[in-house]
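Here are a few exercises to work through with the model open beside you. Try each task before reading its solution.

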Amino acid sequence: MSRRISRNSLAWVMLAALLAVVGAACSGSDRAAAPDCPDDALTCPASGSSAAPSAAPSTSAGETTGSPAASPSPTGTPTATTGTSGASEKPAAKNACASPSACGFPDARTTGPRIPLKPHKTGYMAVRKNGLVIRGWDITGSLDIYANDVTVIDTRITSDSWWGINLRPGYSGLRILHTTITAVPGKGPDNGGVDYAVSNMGTSSIEVGWCDVSVFGDALAMGQGNLHDNYVHDIAPFINKGGEWQHTNAVISSGGNTGHLIIRHNTLLNPTSLKQGASGSIGLFADTGVVRNVTVDHNWIAGGAYALYGGDTGATGITVTNNVFSTQYHPASGGYGTVAHWNADGAGNVWRNNRLSDGRPVQPEPAS
């Protein structure tokens, strides 16, 4: 005898199946509800931002420990040596990326202050108190740090000085988190220009995380530090006091560093045109000494003359892995190409799993 299923029974079966599908969809990895952040937390991510890098956890005074392991290239991903553009001529791969936010990189929604701010017209302010925490300030001015273990968090800085925040030599432990750092174009001391959002003059590491940075010519300037989950954008070109276009970089290191510079999970945009002084989105230059011990991992990088300057012939310990070089400003990410001055033979230098935003893998040309 055949089995019959009533309409009510069938309806319940269909409803159960539907609920199972919906439940599976809601529990997948694409659901990104940010955790609640307690008031005293220093490194809690904003909604939609990534957690602090697990491969290089922060310790007290903002130092980092350990060296991140590079992820292997996906199986079957084609590789090719680049031409003058710095980009492979292979066809686009499947892992193309439309925009930073669509692919999980920082933007205005995941960076900057998370709490209401109170105005503080400080002007130039020298900080000399060890352990000071500046939180919830809307600062019109700049901070010059002559102290240890200072934390700037959930704050906004609008500067008309040479920098937004500067750490002086001999001091350590500076942390700048969930902060907006910007400037007033035409009001800076360098013939109207403003040079550095964050400057590290010393030899100790500093941490800059979940910050929204704009306008400054060289936004994040340091030889050692932990730069993660930041959104650097809308760099403003200017003619400096020497009468030349100031070279612009989202991140810049001039070499001679004694510590480790980690650049991980940032959106780094340099839209400056080639005629107005564009340099790099990440500029690792040997201006004051050999470039060493730099990790560039899992960033969205776009713009500049070359998107990445790799440290030149003497560079060692440079790890560049898992980055997306965006074509949003130029077909090869940078105006002249993707990568320049990469030292392929340097001890400890690693280039792995880097691609253009249309999916094409990138292999650098050797340093000249």
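Buried means under 20% relative accessible area, exposed over 50% and partly exposed in between, with a 1.4 Å probe and protein chains only. The model is predicted, so local features need pLDDT of at least 70 and side-chain atom pairs count only at pLDDT 80 or more, while totals for chains, interfaces and linings use all residues. Residues are numbered from 1 along each chain as its sequence is written, and side-chain values use heavy atoms, with hydrogens and water left out.

**Exercise 1. Salt bridges**

Work out which parts of the chain the salt bridge between Glu207 and Arg175 ties together.

Solution. Start with the rule: a salt bridge is a side-chain nitrogen of Lys or Arg within 4 Å of a carboxyl oxygen of Asp or Glu. The side chains of Glu207 and Arg175 meet this way at 3.1 Å, N to O. Next, place the partners: Glu207 is in strand S10 and Arg175 in strand S7, so the pair ties together parts 32 residues apart in sequence. Strands here are DSSP runs (E, at least two residues), numbered from the N terminus. Finally, check burial: Arg175 counts as buried because its relative accessibility is 13%, and Glu207 counts as buried at 0%.

Now do likewise for Asp297 and Arg264.

Solution. Their closest N and O atoms are 3.2 Å apart. Asp297 belongs to strand S19 (residues 292–297) and Arg264 to strand S16 (residues 261–264), so this bridge links distant parts of the chain, 33 residues apart. Asp297 is buried at 12% relative accessibility, and Arg264 is buried at 7%. As a last step, note that salt bridges with shared partners join Arg114, Arg135 and Asp154 into one network.

**Exercise 2. A strand and its neighbours**

Which strands pair with S17, and in what sense?

Solution. Two strands pair if DSSP finds at least two bridges between them. Strand S14 (residues 231–235) pairs with S17 in the parallel sense over two bridges, with Tyr231 opposite Thr267. Strand S20 (residues 300–303) pairs with S17 in the parallel sense over four bridges, and there Thr267 stands opposite Trp300. Then look at the faces of S17 (residues 267–270): Thr267 and Leu269 on one side, and Leu268 and Asn270 on the other, are all buried.

**Exercise 3. Positive phi**

Compare Trp210 and Asn353: is each buried or partly exposed?

Solution. Trp210 is not a glycine, yet has a positive phi of about 55°. Its place is the loop between strand S10 (207–209) and strand S11 (212–215). Trp210 counts as buried because its relative accessibility is 0%. Asn353, also not a glycine, has a positive phi of about 55°. Asn353 sits in the loop between strand S25 (350–352) and strand S26 (355–356). Asn353 counts as partly exposed because its relative accessibility is 22%.

**Exercise 4. Contacts of one residue**

Find what Thr180 touches, not counting residues up to four places away in sequence.

Solution. First locate Thr180 in strand S8 (residues 180–183). Contact means heavy atoms within 4.5 Å. Thr180 then touches Gly112, Pro113, Thr155, Arg156, Ile157 and Asp212. Thr180 counts as buried because its relative accessibility is 11%.
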